[in-house]
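Student: Please take one part of this model and go through it closely. I would like a single connected account, with the surroundings of that part included.

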Amino acid sequence: MKKHLISLILYLFFICSIHFAIAQTAQKPRFKAVAIAEIGGGHALFDVAAKAWLNKLAADSNFTIDYISDTKSINKDFLKQYQLFIQLDYPPYPWEKDAQDAFEDYIKNGRGGWVGFHHPTLLGVFDGYPMWQWYSGFMGDIEFKRHIPGGTAAKLTVEDPAHPVMSGIPASFTTKDEWYIYNKSPRENVHVLASIDETTYNPPKDVKMGDHPVIWTNEHVKAKNIYIAMGHFPELFDDGNYTTLVRNAIFWAVGKSQDSRGQESR
Ligand SMILES: [Zn+2]
């Protein structure tokens, strides 16, 4: 009897080992992402909500996500590890020269994809740092002029419903965030996926750009990239349209890079 029990235990141990090995293989991550977010600052609550949501997405979808809070570790070798760079909450300053060079190389040559939220278009002279000219070009040759603080609802219009990032998003929808105003529309330099209807600001605002894109992609670089202007308030993660956009953007951007005309390379 005792002998049988030992055999049974050994058998169960053997089966468990096989299951463990299979699970290990299945859990090999699909890709590795790195996300940069400031510590503290005006977007700290957004970052908390975003990280919780992203961590769940990563666990559910079998990818990994590492977080950094400044650009000190960014160089070409560091970025080589990652198939996706998420600029969760970080402006285009202050970046060390090595970090700038490595990031430019990553984007220009499509070494990975990029998804940026809100803060990356804070383009201009801030805290004594000159504007990063290349980055301004990446964002459509724009400069930040001012913002509409406090949280303003607005209707967004989807301009390219066929784009994979817009899959499952209604033709127009209302959302609420802090809106950035630029010196001009980036439209002539980027492919606009959605824009804001400034007549629908609630409460109404006089600060208007006219043409005001809020989601776009720059097709002049090899990296698949998506900029999403919304990224100030944590409540965005309670909005199903927003989470669909973020999910779509991540899985689209991490796909194959695009050639110089913006087409997906084979
Ligand atoms: Zn903000």
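Tutor: What follows looks at the nine-stranded sheet and what is packed around it.

The model is a predicted one. Its chain has 266 residues, and 35% of them are buried. The secondary structure amounts to six helices and nine strands. Of the contacts with a separation of 6 or more, 76% are between residues 24 or more positions apart.

The sheet is open, its pairing is mixed, and its strands follow the order β2-β1-β3-β4-β9-β8-β7-β5-β6. At the edges are β2 and β6 (172-182), each of which pairs on one side only. Ignoring direction, neighbouring strands are turned against each other by 25° on average.

Begin at the β2 edge. Strand β1 (residues 32-37) runs parallel to strand β2 (residues 64-68), and five bridges link the two. One pair to look for is Ile 36, whose bridge partner in β2 is Ile 68. Helix α2 (residues 44-61) belongs with these two strands in a right-handed β-α-β unit. In the loop from α2 to β2 sits Asn 62. This residue is not a glycine, yet its phi is positive, about 65°. Asn 62 counts as exposed because it has 12 C-beta neighbours inside 10 Å.

Further along the order, strand β8 (residues 213-217) and strand β9 (residues 225-228) are antiparallel and joined by two bridges. Here Ile 215 stands opposite Ile 228 in β9. Setting aside residues up to four places away in sequence, Ile 215 touches Leu 193, Ala 194, Ile 226, Tyr 227, Ile 228 and Ala 229.

Both isoleucines of that pair also appear in the largest nonpolar core, which has 62 residues; Ala 35, Ile 215, Ile 228, Ala 249 and Ala 253 have the most contacts inside it. The greatest contribution to this core is from helix α6 (residues 240-253), which supplies seven residues. In soluble globular proteins, nonpolar side chains tend to be buried together. The buried residues of α6 are packed against β3 (84-89), β4 (113-117), β6 and β9. Among the residues buried in this helix are Tyr 242, Leu 245, Val 246, Ala 249, Ile 250, Trp 252 and Ala 253. The length of α6 agrees with expectation, because 14 residues at 1.5 Å a residue should span 20 Å and the end C-alpha atoms are 20 Å apart.

Some of the loops that leave the strands deserve a check of their backbone. Tyr 93 and Pro 94 are joined by a cis peptide bond with omega about -20°, and Pro 94 lies in the loop between β3 and α4 (97-108). Another cis peptide bond, with omega about 0°, joins Asn 202 and Pro 203. Pro 203 is in the loop between β7 (191-202) and β8.

The loop between α5 (133-138) and β5 (144-158) holds Gly 140. Gly 140 is buried, because 24 other C-beta atoms are within 10 Å. With residues up to four places away in sequence left out, the residues Gly 140 touches are Pro 186, Asn 189, Val 190, Trp 216 and Asn 218. Asn 189 is 49 residues away from Gly 140 along the chain, but their C-alpha atoms are separated by 4.9 Å. Asp 141, in the loop between α5 and β5, has a positive phi of about 65° although it is not a glycine. Asp 141 is partly exposed, because 17 other C-beta atoms lie within 10 Å.

Conventions: Residues numbered from 1 in each chain as written. Predicted model: local features only at pLDDT ≥ 70, side-chain atom pairs only at ≥ 80, totals over all residues. Helix = DSSP H or I, 4+ residues; strand = E, 2+ residues; numbered from the N terminus. Buried ≥ 20, exposed ≤ 12 C-beta atoms within 10 Å, placed from the backbone. Contact = placed C-beta atoms within 7 Å. Core = buried A, V, L, I, M, F, W, Y, C linked by C-beta atoms within 7 Å. Pairing = 2+ DSSP bridges. Right-handed = clockwise from strand over helix to strand, strands pointing away. Axes fitted to C-alpha atoms, helices over the stretch in contact; angles between N-to-C directions. Expected span 1.5 Å × (residues − 1).
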